[in-house]
Amino acid sequence: MTLTKVYDAATVFKHLNGIINVYKPAGMKVKHVRNAILSNICKGLNELKQREPRKLPNDMRLLGSGAATDTVLHKIAANSDLSDHILASGPRYLPGDIRCAPVGTLGDHTSGVLLFGLNKGLQQSSLIQRNRPVRIYHVTARMGTATENHLPDSRVTVRANHRHLTPERISGLASSMQASHQRKMYELCGVDLQTQAAYELACKGLLRPADNSQPVIYGIKLIHFNRPHFTLELHTINENEQYMAALIHDMAIELRTVAHCSQLRCIRHAHFDVTESLLRHGWHLPGIMKNLRLQQNVLKAHPQLLDQQRVDLHAAQ
């Protein structure tokens with residue numbers, strides 16, 4: 001389909017609806033990402049062609065037609081409402097004119113995929129969030145040192161030897177923890193893992209906890225080992241930054257050493273991939289409009305993300 005360049009701000013604003021996928025840098029709060037995006041959108045809209053000031057009826061014209069009237073004012077005003085002129089009222093578009101809400105959130109130290117709903121896309125963002133899709137993280141740990149909050153910006157509290165650790169030992173513990181979390185989900189549903197009822201539940205898809213505050217890990221595996229660092233891939237829902245940092249700490253204790261998170265990166269949220277995320281230098285109006293179209297194609301290819309029946313089913317579980 002051939003795209004046409006549009007220079008009219010009102011037309012662009014009319015089509016500013018849907019889901020955008022941006023890449024959140026580590027060390028930046030979600031609200032700061034949102035403010036930066038809204039500020040750049042408004043800046044781009046205000047640089048486009050604006051509507052003319054409102055017209056006044058002839059009997060309400062501010063300037064008469066006498067010879068003594070300033071001709072410059074006549075050129076500016078004519079029969080226009082000067083209070084609606086951009087020099088008097090200010091920019092046409094302000095951040096408060098655009099509705100924007102994140103789909104989930106990421107911690108301050110976490111980078112990666114962050115979804116936002118814009119204007120009419122807020123309903124889509126709400127459905128995606130209520131469907132509770134799986135998010136995938138790459139969590140890098142540094143062995144040998146523990147910190148107060150298990151994150152890299154905190155004071156080191158403990159040091160320990162880690163020379164006895166091997167990739168095989170870490171992978172074995174990861175597999176054991178994955179099986180434990182899967183078993184726990186079936187126990188919460190009140191069924192035995194070895195029964196027909198458990199099989200029928202598994203055929204319906206991933207089991208999700210009724211409580212949104214309960215983190216669940218569906219997959220955990222070692223993908224990289226380079227002493228003193230190793231990286232785990234986590235498939236999880238209802239997670240948060242502190243939970244994943246504590247998970248690394250607990251794993252290290254089981255392995256008879258200590259560790260803390262040195263990097264957390266969300267690489268996928270449902271079917272929204274990090275390869276399509278809008279980098280910080282692309283947080284401008286043309287880049288955001290292009291990203292809206294890309295994410296619209298993702299939603300069309302995976303309509304189950306916006307399925308209200310799935311939302312109701314998850315609530316029933």
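**A first look around the model**

1. Let's start with one residue: Asn238 is buried, its relative accessible area being 15%. That falls under the 20% cut-off for buried. Asn238 sits in the loop between strand 8 and helix 8 (241-254). Its phi is near 60°, a positive value in a residue that isn't a glycine. Keep in mind throughout that this is a predicted model.

2. Asn238 turns up again in a pocket. Along with Gly104, Gln129, Arg132 and Arg135, Asn238 is among the residues closest to the centre of the second largest pocket, out of 15 that line it. The volume of this pocket is about 290 Å³. What kinds of residue make up the lining? Seven are polar, four are charged and four are nonpolar.

3. Where does that lining come from? Helix 5 (residues 122-131) is the biggest giver, with three residues. By domain, at least three lining residues come from domain 1 (9-42 + 98-133 + 277-308), and at least three from domain 3 (134-269).

4. Now for the overall picture. The protein has 317 residues, and 44% of them count as buried. Ten helices and ten strands make up its list of secondary structure elements. Taking contacts with a separation of 6 or more, 74% are between residues 24 or more positions apart.

5. On to the interior. In soluble globular proteins, nonpolar side chains tend to be buried together. Here, the largest nonpolar core holds 67 residues, and Val22, Ile37, Ile41, Phe116, Leu118 and Phe272 have the most contacts inside it. Helix 2 (residues 30-47) gives the most to this core, seven residues in all. Which domains does this core lie between? Domain 1 (9-42 + 98-133 + 277-308) and domain 3 (134-269) both supply residues to it, so the core lies between the two.

6. Ile37 is a good place to zoom in on that core. Setting aside residues up to four places away in sequence, Ile37 touches Ile20, Val22, Phe116, Trp283 and Ile288. Another core lies apart from the one Ile37 belongs to. It has seven residues, including Met185, Val216, Tyr218 and Ile237.

7. A second residue with an unusual backbone is worth a look. His150 isn't a glycine, yet its phi is positive, at about 70°. You'll find His150 in the loop between strand 5 (145-147) and strand 6. Is His150 buried or exposed? With 15% relative accessibility, His150 counts as buried.

8. Strand 6 (residues 156-159) includes Val158. Val158 is partly exposed, because its relative accessible area of 38% lies between the 20% and 50% cut-offs. Which residues does Val158 contact beyond its neighbours within four places in sequence? They are Gly144, Thr145, Ala146 and Val258. Thr147 is eleven residues from Val158 along the chain, and their C-alpha atoms are separated by 7.0 Å.

9. One last backbone point concerns a proline. The peptide bond from Arg227 to Pro228 is cis, and its omega is near 10°. Pro228 belongs to the loop between strand 7 (216-226) and strand 8 (229-237). Strand 8 also borders the loop that holds Asn238, which brings us back to where this note began.

How values were computed: Residues numbered from 1 in each chain as written. Predicted model: local features only at pLDDT ≥ 70, side-chain atom pairs only at ≥ 80, totals over all residues. Heavy atoms only, no water. Core = buried A, V, L, I, M, F, W, Y, C linked by side-chain atoms within 4.5 Å. Buried < 20%, exposed > 50% of the residue type's maximum accessible area, 1.4 Å probe, protein only. Helix = DSSP H or I, 4+ residues; strand = E, 2+ residues; numbered from the N terminus. Domains from an automatic or database assignment. Contact = heavy atoms within 4.5 Å. 1 Å grid on protein atoms, 1.4 Å probe; cavity = no way out; pocket = protein on both sides within 12 Å on 5 of 7 lines; lining within 4 Å. Points joined across faces, edges and corners; volume = space filled by probe spheres on them. Nonpolar A, V, L, I, M, F, W, Y, C, P; charged D, E, K, R; others polar.
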